[in-house]
Amino acid sequence: GCAIGTVAVMDTRRRTLTSAQLDALEALAAGIMERIAQQQQHAALLEQIGHGEARRRQLDDQLRATQRMAGIGTWEFDVAAQRLIWSDEVYAIHEVPRGTPLTIDQALDFYSAEWRMHIAEIFEACRTKGQPFDEELQIITIGGQCIWVRTIGRASLDTQGRVVEVHGAFQDISARKHASAEARRLADRLSATLDSMTDGVF
């Protein structure tokens, strides 16, 4: 090893140490060295934890930024605790203040009346049987806007095959839906125009 310090023992008069006394000093020094090594390991562990926590926060920030740019959020439902967790983007899509506690029934109530029973049924099938779902439906935001969303759900099972959590993704797809509707409208208009031109040709 390498020297990292010195143990000094002071006495009031000069004397020659016996073998037993030297052994006792060596044991004392060894104990001190062991204690120093333990403290160094503890400090290194704390530093690793600190770096890990900082890295986790960085990844969380990156995930939130990606979700904002893509308009995609994530959600999870703890079956045993009956606890629903939304990411910031899911709150934003619903126009609900971030961190507002919601039950699963309250969350399902955001779906428009024509879709509410359907989403309730497929969520229940996922929660009880582990059946995944991927649906495009409409919700009414807290501000009264009717928007199209894509909701995906998957189940996590325990070792006995029981569903312990349902989790998934949630995306605002209104822009895509509106673009598709506009494209269909233009295609229909073009088709009608071509038909009228054909009708005029003899």
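This is a short walk through one predicted protein model, from its overall layout to its core, ring pairs and salt bridges.

I'll start with the layout. The protein chain has 5 helices and 5 strands. Reading from the N terminus, their order is α-β-β-α-α-α-β-β-β-α. The chain has 202 residues, and 21% of them count as buried. Its accessible surface comes to about 14400 Å², with 55% of that belonging to carbon and sulfur atoms. As for contacts with a separation of 6 or more, residues 24 or more positions apart account for 45% of them.

Now the core. The largest nonpolar core has 27 residues. Those with the most contacts inside it are Trp75, Phe77, Leu84, Trp86, Tyr111, Ile139 and Phe170. Which elements give two or more residues to this core? On the strand side they are β1 (72-78), β2 (83-86), β3 (133-140), β4 (146-157) and β5 (163-172). The helices are α2 (88-94), α3 (104-108) and α4 (113-129). Helix α4 gives the most, with 4 residues.

Take Phe77 as one of those core residues. Leaving aside neighbours within four places in sequence, Phe77 is in contact with Gln82, Arg83 and Leu84, then with Ile104, Phe123 and Arg127, and further along with Val164, Glu165 and Val166. Two of these partners, Phe123 and Arg127, will come up again.

Next, the aromatic rings. A pair of rings is described by the distance of the centres and the angle of the planes. The structure holds 6 aromatic pairs. One of them is Trp75 with Phe123, at 6.4 Å centre to centre and 50° between the planes, which is a tilted arrangement. Trp75 sits in strand β1 and Phe123 in helix α4, so this pair links parts of the chain 48 residues apart. Both Trp75 and Phe123 are buried.

The second pair I'll show is Trp115 with Trp148. Their ring centres are 6.1 Å apart, and because the planes stand at 65°, the pair is edge-to-face. Trp115 is in helix α4 and Trp148 in strand β4, so parts that are 33 residues apart in sequence are tied together here. Are these two tryptophans buried or partly exposed? Trp115 is partly exposed, with 23% relative accessible area. Trp148, at 19%, counts as buried. The cut-off for buried is under 20%, so the two residues fall on opposite sides of it.

Ring pairs also build a cluster, linking Trp75, Phe77, Phe123 and Phe133. Trp75 and Phe77 are also on the list of core residues with the most contacts.

On to charges. The count comes to 6 salt bridges, and I'll go through three of them. In the first, Arg127 pairs with Glu124, with the closest N and O atoms 2.5 Å apart. Both residues lie in helix α4, 3 residues apart, which is about one turn of the helix. Arg127 is partly exposed at 24%, and Glu124 is partly exposed at 34%. Arg127 is also among the contacts of Phe77.

The second joins Asp134 and Arg150, again with the closest N and O atoms 2.5 Å apart. This one links distant parts of the chain, with Asp134 in strand β3 and Arg150 in strand β4, 16 residues apart. Asp134 is partly exposed at 37%, as is Arg150 at 30%.

The third is Asp158 with Arg162, where the closest N and O atoms are 3.0 Å apart. Asp158 has 25% relative accessibility and counts as partly exposed. Arg162, at 48%, also counts as partly exposed.

What about disulfides? The count comes to 0. On the cysteines, Cys126 is buried, with a relative accessible area of 0%, whereas Cys146 is partly exposed at 44%.

Last, a residue from the C-terminal helix in the order given earlier. His178 is found in helix α5, residues 174-199. Is His178 buried or exposed? Its relative accessibility is 52%, and the cut-off for exposed is over 50%, so His178 counts as exposed. Its C-alpha atom is separated by 10.0 Å from that of Ile147, a residue 31 positions away along the chain.

How values were computed:
Residues are numbered from 1 along each chain as its sequence is written. This is a predicted model: local features need pLDDT of at least 70, side-chain atom pairs count only at pLDDT 80 or more; totals for chains, interfaces and linings use all residues. Side-chain values use heavy atoms; hydrogens and water are left out. Buried means under 20% relative accessible area, exposed over 50%, partly exposed in between (1.4 Å probe, protein chains only). Contact means heavy atoms within 4.5 Å. Accessible areas come from the Shrake-Rupley method with a 1.4 Å probe; for residues, only the protein chains shown count as cover. A disulfide is a pair of cysteine sulfur atoms within 2.5 Å. A nonpolar core is a set of buried Ala, Val, Leu, Ile, Met, Phe, Trp, Tyr and Cys residues joined through side-chain atoms within 4.5 Å. Rings of Phe, Tyr and Trp (its six-membered ring) pair if their centres lie within 6.5 Å; planes under 30 degrees apart count as stacked, over 60 as edge-to-face and the rest as tilted. A salt bridge is a side-chain nitrogen of Lys or Arg within 4 Å of a carboxyl oxygen of Asp or Glu.
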